[in-house]
Amino acid sequence: MGKPDLRAIIAENVRAHREISGVSQDEFADQCGLHRTYIGSVERCERNVTLATLELLAKSIGCSVPELLTKGVIK
């Protein structure tokens, strides 16, 4: 079995949270204190996020960092 693509899991979880919450990338970026283009690049798997950014994203979503890194946790 192959190694999980953590960037894809983060992207899926961030996007799922945004869609469930009904917020745009711009609104979510404001909640996180990040730029909207950064959130877009995270959702497109173009970024390797730092541990500090993982903490910001998880806090804004209301989950733990391990949950953010787990496929299918955010539904």
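Colleague: Before we start, what is a disulfide?

Modeller: A disulfide is a covalent bond between the sulfur atoms of two cysteines. For counting, the two sulfur atoms must lie within 2.5 Å. Keep in mind that this is a predicted model.

Colleague: How many disulfides turn up in the whole structure?

Modeller: Zero, after a search of the whole structure. Take cysteine 32: the nearest cysteine sulfur belongs to cysteine 63 and is 11 Å away. Seen from cysteine 63, the nearest cysteine sulfur is that of cysteine 32, again at 11 Å. Neither cysteine 32 nor cysteine 63 is in a disulfide.

Colleague: Are those two buried or exposed?

Modeller: Cysteine 32 counts as buried, because its relative accessibility is 6%. Cysteine 63 has 17%, so it counts as buried too. The cut-off for buried is under 20%.

Colleague: And cysteine 45, where does that sit?

Modeller: In the loop between H3 and H4. Its relative accessible area is 27%, so cysteine 45 is partly exposed. Its backbone deserves a look as well. Cysteine 45 is not a glycine, yet its phi is positive, about 65 degrees.

Colleague: Which glycines have a positive phi next to a helix?

Modeller: Glycine 33 follows H2, with a positive phi near 80 degrees. Glycine 62 comes just after H4, and its phi is positive at about 90 degrees.

Colleague: Let's switch to H2. Which of its residues are buried?

Modeller: Phe28, Ala29 and Cys32. Down the axis of H2, these buried residues fall within an arc of 105 degrees, so they line one face of the helix.

Colleague: Why would residues a few places apart share a face?

Modeller: An α-helix has 3.6 residues a turn, so residues three or four places apart point the same way.

Colleague: What covers the buried residues of H2?

Modeller: The cover includes H1, H3 and H4.

Colleague: Start with H3. How do H2 and H3 pack?

Modeller: H2 spans residues 25-32 and H3 spans residues 36-43. They pack at about 110 degrees, with axes 8 Å apart. H2 and H3 are therefore roughly perpendicular to each other.

Colleague: Which residues meet there?

Modeller: From H2, Gln25, Asp26, Phe28 and Ala29. From H3, Arg36, Ile39, Gly40 and Glu43. By class, the contact of H2 with H3 has three nonpolar, two polar and three charged residues.

Colleague: What about H2 and H4, how do they pack?

Modeller: Their angle is about 110 degrees, and their axes are 9 Å apart. H2 and H4 are therefore roughly perpendicular to each other. Phe28, Gln31 and Cys32 in H2 meet Leu56, Leu57, Ser60 and Ile61 in H4. The contact of H2 with H4 divides into five nonpolar, two polar and no charged residues.

Colleague: Stay on H4. Which of its residues are buried?

Modeller: H4 covers residues 51-61, and its buried residues are Thr53, Leu54, Leu57, Ala58 and Ile61. Seen down the axis of H4, they fall within an arc of 135 degrees, so they line one face of the helix.

Colleague: What is on the face turned away from that buried side?

Modeller: Exposed residues Glu55 and Lys59.

Colleague: And what covers the buried residues of H4?

Modeller: The cover includes H1, which is residues 6-21, along with H2, H3 and H5.

Colleague: New topic: histidine 17. Which helix is it in?

Modeller: Histidine 17 is in helix H1. Its relative accessible area is 11%, so histidine 17 is buried.

Colleague: What does histidine 17 touch, leaving aside neighbours within four places in sequence?

Modeller: Phe28, Ser60, Ile61 and Ile74. Phe28 is also one of the H2 residues that meet H4. Ser60 and Ile61 are among the H4 residues in that contact.

Colleague: Where does lysine 75 sit?

Modeller: Lysine 75 is in the segment after helix H5, which is residues 65-68. Lysine 75 counts as exposed because its relative accessibility is 78%.

Colleague: How far is lysine 75 from histidine 17 in space?

Modeller: Their C-alpha atoms are separated by 7.3 Å, though the two residues are 58 residues apart along the chain.

Colleague: And from glutamate 19, how far apart in space?

Modeller: 9.5 Å, C-alpha to C-alpha, with their places 56 residues apart in sequence given as the separation. Glutamate 19 lies in helix H1. Its relative accessible area is 59%, so glutamate 19 is exposed.

Definitions and conventions: Residues numbered from 1 in each chain as written. Predicted model: local features only at pLDDT ≥ 70, side-chain atom pairs only at ≥ 80, totals over all residues. Heavy atoms only, no water. Helix = DSSP H or I, 4+ residues; strand = E, 2+ residues; numbered from the N terminus. Buried < 20%, exposed > 50% of the residue type's maximum accessible area, 1.4 Å probe, protein only. Axes fitted to C-alpha atoms, helices over the stretch in contact; angles between N-to-C directions. Parallel < 35°, antiparallel > 145°, perpendicular 65-115°, else oblique. Contact = heavy atoms within 4.5 Å. Nonpolar A, V, L, I, M, F, W, Y, C, P; charged D, E, K, R; others polar. Arc of directions from axis to C-beta.
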